[in-house]
Amino acid sequence: MLAAHFDCPGGPENLYVKEVMKPHPGEGEVLVKVSASALNRADLLQRRGKYPPPKGSSDILGLEAAGSVAGLGPGCTGRWKIGDAVMALLSGGGQAEYVTVPEGHLMPVPKDMTFIQAAAIPEAWLTAFQLLHFVGKIQKGETVLIHAGASGVGMAAIQLVRLANAIPIVTAGTQEKLQATTNAGAAAGFNYKNEDFSEKVLAFTQDIILDCVGGSYWEKNLSCLRTDGRWVIYGLLSGGEVHGDLLARLLSKRGSIHTSLLRSRDKEYKEQLVKAFIENVLPYFSGGASPHLQPFVDSVYPLHEIVEAHRKMEESKNIGKIVIEMPVKTP
């Protein structure tokens, strides 16, 4: 099968499409013929050699995919059958023509949704759902500050905050991105490049902050965090170094810092997360549901243009998800 590959860590130019062995489903695993996958920052970090896959996972890039069930391993419980349209949360392997997935990490593709749209859901939406509900314990009426509001996780988080009857506030780097977040449901948005978001956000003191930026934002985050607020860190785009009296200021607000990664979570945790998402969120992607949730696809690249797709994300030009489409082969 064909897969995105790199021989040496480095820039996007190191990527190419390579013929590799097709995987075989093990105990309790499903083989999925991938129609589309989507890019995540973790893919860029792995390509640079800074985020290796968890032990036992595929070293092929790709943390999410959508496609059809092509095979069932021993011990599968019968919840999936050959030909089912599914989307998958992965620890790796999505940017290839086939991937094996624990059966409990699969979700049905919502009715009337394309594989391109479905590929934009698993990693981003499950990350946002986890951060808000499993980690941040969001409550009705709370205010949530979402950094990188126009990212895949950000656009998902905006809609999930609204679904929880809470108030999403965002930061982003361009007016175009802020407009997209407003269209997705953000109550207010601030351009971090030309204004101090912490001063503006003070009008909406934050119960929860979803932070993928890290070190450079610590003072501003603490300035707008409510007493007893929760600061949830899930990425370090600006690095992890902090210079200053963070602990004293955090203590004065009785604030708490939570950190979370999804990729390295164990199989059982991911199954619980997927189950909760299917029950509580997935129905709202179907037509006619109110409120109606939707994945935002920024652009679609064929697998052989994987280099260009990575470059676009590196330059932070995307609003929503960048999707990678697999080649269509006749049987």
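A polar contact here is a pair of N or O atoms within 3.5 Å, where one must be able to donate a hydrogen and the other to accept it, and residues adjacent in sequence count only if both atoms are side-chain atoms. Keep that in mind as we walk through this structure, which is a predicted model.

Let's start with the whole fold. The protein has 10 helices and 15 strands. Along the principal axes, its C-alpha atoms fill a box of roughly 60 × 45 × 35 Å. The radius of gyration is 20 Å, which agrees with the value near 20 Å that a compact globule of 331 residues would have. Of those 331 residues, 53% are buried. Among contacts with a separation of 6 or more, 68% are between residues 24 or more positions apart.

Now for the surface and the charges. The exposed area comes to about 14400 Å², and carbon and sulfur atoms supply 52% of it. The protein carries 33 positive and 34 negative charges, and the mean positions of the two sets are 3 Å apart.

With the overall picture in place, we can zoom in on S299. This residue sits in strand β14, which spans residues 297–302. S299 counts as buried because its relative accessible area is 13%, and the cut-off for buried is under 20%. Our opening definition comes into play here: the side chain of S299 makes a polar contact of 2.8 Å with the side chain of D298. Leaving aside residues up to four places away in sequence, S299 touches K312, K321, I322 and V323.

One of those partners, K321, leads us on to N40. The side chains of N40 and K321 are joined by a polar contact of 2.8 Å. N40 lies in the loop between β3 (29–38) and α1 (41–47). Is N40 buried or exposed? With a relative accessible area of 10%, N40 is buried. Again setting aside residues up to four places away in sequence, N40 touches L63, E64, E123 and M313 as well as K321.

Our last stop is G56, found in the loop between α1 and β4 (64–72). G56 has a relative accessible area of 82%, so this glycine is exposed; the threshold for that label is over 50%. For a sense of distance across the model, compare G56 with N221: the two are 165 residues apart in sequence, and their C-alpha atoms are 37 Å apart in space.

Conventions: Residues numbered from 1 in each chain as written. Predicted model: local features only at pLDDT ≥ 70, side-chain atom pairs only at ≥ 80, totals over all residues. Heavy atoms only, no water. Helix = DSSP H or I, 4+ residues; strand = E, 2+ residues; numbered from the N terminus. Rg over C-alpha atoms; globule rule 2.2 N^0.38 Å. Buried < 20%, exposed > 50% of the residue type's maximum accessible area, 1.4 Å probe, protein only. Contact = heavy atoms within 4.5 Å. Areas by Shrake-Rupley, 256 points an atom, 1.4 Å probe, with all protein chains shown as cover. Lys, Arg positive; Asp, Glu negative; His and termini not counted. Charge placed at Lys NZ, Arg CZ, Asp CG, Glu CD.
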